Amino acid sequence: MEKRHVLKLKLQQPLVLLVMFCLLVSCNNTKSDVVVANNTNIPVYNFEQLEPLLYTDSNKTYIVNFWAMWCAPCVKELPYIQAYADKHPDVEVLLVSMDFPKDIETKLKPFLKQKNITNKVVILDDADANTWINKIDPNWSGAIPCTIIFNNTKRGFFERSFESESDLETEINNIINN
């Protein structure tokens with residue numbers, strides 16, 4: 001009886017090791033896994049829902065970028081924002097898409113996956129832009145791309161595209177560290 005128990009344990013050990021190995025390998029997230037995980041649910045907000053995300057009581061740095069897939073300068077700068085965010089995980093990035101909510105599944109999600117954009121994305125769907133553009137910044141014409149960089153004491157507004165990751169980093173440092 002004891003020999004059978006020992007034999008059974010010896011047979012179970014390789015199986016347990018195999019299961020543990022499979023679990024470890026499956027937990028090794030790649031960048032593409034993160035894309036799917038981060039952009040499976042893209043919420044649609046009106047301005048009233050979005051507005052609290054444009055301010056903080058924290059010293060943490062936030063980047064909020066207004067963009068759209070149809071905007072060439074917006075698309076060009078997205079990799080710079082993503083690269084900066086990847087190197088600075090302490091910075092919170094929110095990409096506010098001005099695209100149509102009906103295009104989330106057919107266009108926006110495939111676009112984000114193709115471009116390896118893992119930052120949080122929301123869609124702003126509020127037709128009354130005249131009431132909320134000035135609330136974001138009184139100097140904003142409504143053109144995109146536009147970016148807000150802020151923490152609890154400092155705020156910068158940029159109605160232009162960033163030409164490189166270093167361009168973005170320079171502006172963040174000018175706003176937050178000065």
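**Close-up views of a predicted model**

**View 1. Strand 3 sits enclosed in this predicted model.** Strand 3 covers residues 92-97. Five of its six residues are buried, so the strand is largely enclosed by the rest of the structure. Strand 3 pairs with strand 2 in the parallel sense, over six bridges. In that pairing, Tyr 62 stands opposite Glu 92 of strand 3. Strand 3 also runs parallel to strand 4 (residues 120-124), and four bridges join the two. Here Leu 95 stands opposite Val 121 of strand 4.

**View 2. Two crossovers involve strand 3.** Strand 2, helix 4 (residues 72-87) and strand 3 make a β-α-β unit, and this unit is right-handed. From strand 3 the chain crosses through helix 5 (residues 104-114) to strand 4. This β-α-β crossover is right-handed too.

**View 3. Six strands form an open sheet.** The strand order is 1-4-3-2-5-6, and the pairing is mixed. Strand 1 (44-45) and strand 6 are the edge strands. Each of these edge strands pairs on one side only. Strand 1 pairs with strand 4 in the parallel sense, over two bridges. Val 44 stands opposite Ile 123 of strand 4. In a regular strand, side chains alternate between the two faces of the sheet.

**View 4. Helix 7 has its buried residues on the same side.** Helix 7 (residues 165-176) has 12 residues. From its first C-alpha to its last it reaches 16 Å, close to the 16 Å expected at 1.5 Å a residue. Which residues of helix 7 are buried? They are Glu 165, Asp 167, Leu 168, Glu 171, Ile 172, Ile 175 and Ile 176. These residues cover an arc of only 160 degrees around the axis, which puts them on the same side of helix 7. An α-helix has 3.6 residues a turn, so residues three or four places apart point the same way. What covers the buried residues of helix 7? The cover includes strand 2, helix 4, strand 5 (146-150) and strand 6 (155-158).

**View 5. Ser 58 lies in a loop.** The loop runs between helix 3 (47-50) and strand 2. Is Ser 58 buried or partly exposed? Ser 58 is partly exposed, with a relative accessible area of 27%. Leaving aside residues up to four places away in sequence, Ser 58 touches Asn 151 and Asn 152. Phe 150 is 92 residues from Ser 58 in sequence, yet the two are 9.8 Å apart in space, C-alpha to C-alpha.

**View 6. Confidence varies along the chain.** The chain averages a pLDDT of 84, and 79% of the residues score at least 70. Confidence is highest in strand 2 (residues 62-67), at a mean of 98. It is lowest in helix 2 (residues 31-38), at a mean of 38. Over residues 5-9 the pLDDT is below 50, and this stretch has zero contacts in the model beyond near neighbours in sequence. Residues 11-37 also stay under 50. For them the model has 12 contacts beyond four places in sequence. Where pLDDT is low, the predicted coordinates should not be read in detail.

**View 7. The whole chain puts the close-ups in context.** The chain has seven helices and six strands. Along the sequence they follow the pattern α-α-β-α-β-α-β-α-β-α-β-β-α. Of the 178 residues, 40% count as buried. Among contacts between residues at least 6 apart in sequence, 71% join residues at least 24 apart.

Methods. Residues are numbered from 1 along each chain as its sequence is written. This is a predicted model: local features need pLDDT of at least 70, side-chain atom pairs count only at pLDDT 80 or more; totals for chains, interfaces and linings use all residues. Side-chain values use heavy atoms; hydrogens and water are left out. pLDDT is the predictor's confidence in each residue, from 0 to 100. Contact means heavy atoms within 4.5 Å. Buried means under 20% relative accessible area, exposed over 50%, partly exposed in between (1.4 Å probe, protein chains only). Two strands pair if DSSP finds at least two bridges between them. A crossover is right-handed if, with the strands pointing away from the viewer, the path from the first strand over the helix to the second runs clockwise. The expected span of a helix is 1.5 Å times one less than its number of residues. The arc is that of the directions from the helix axis to the C-beta atoms.
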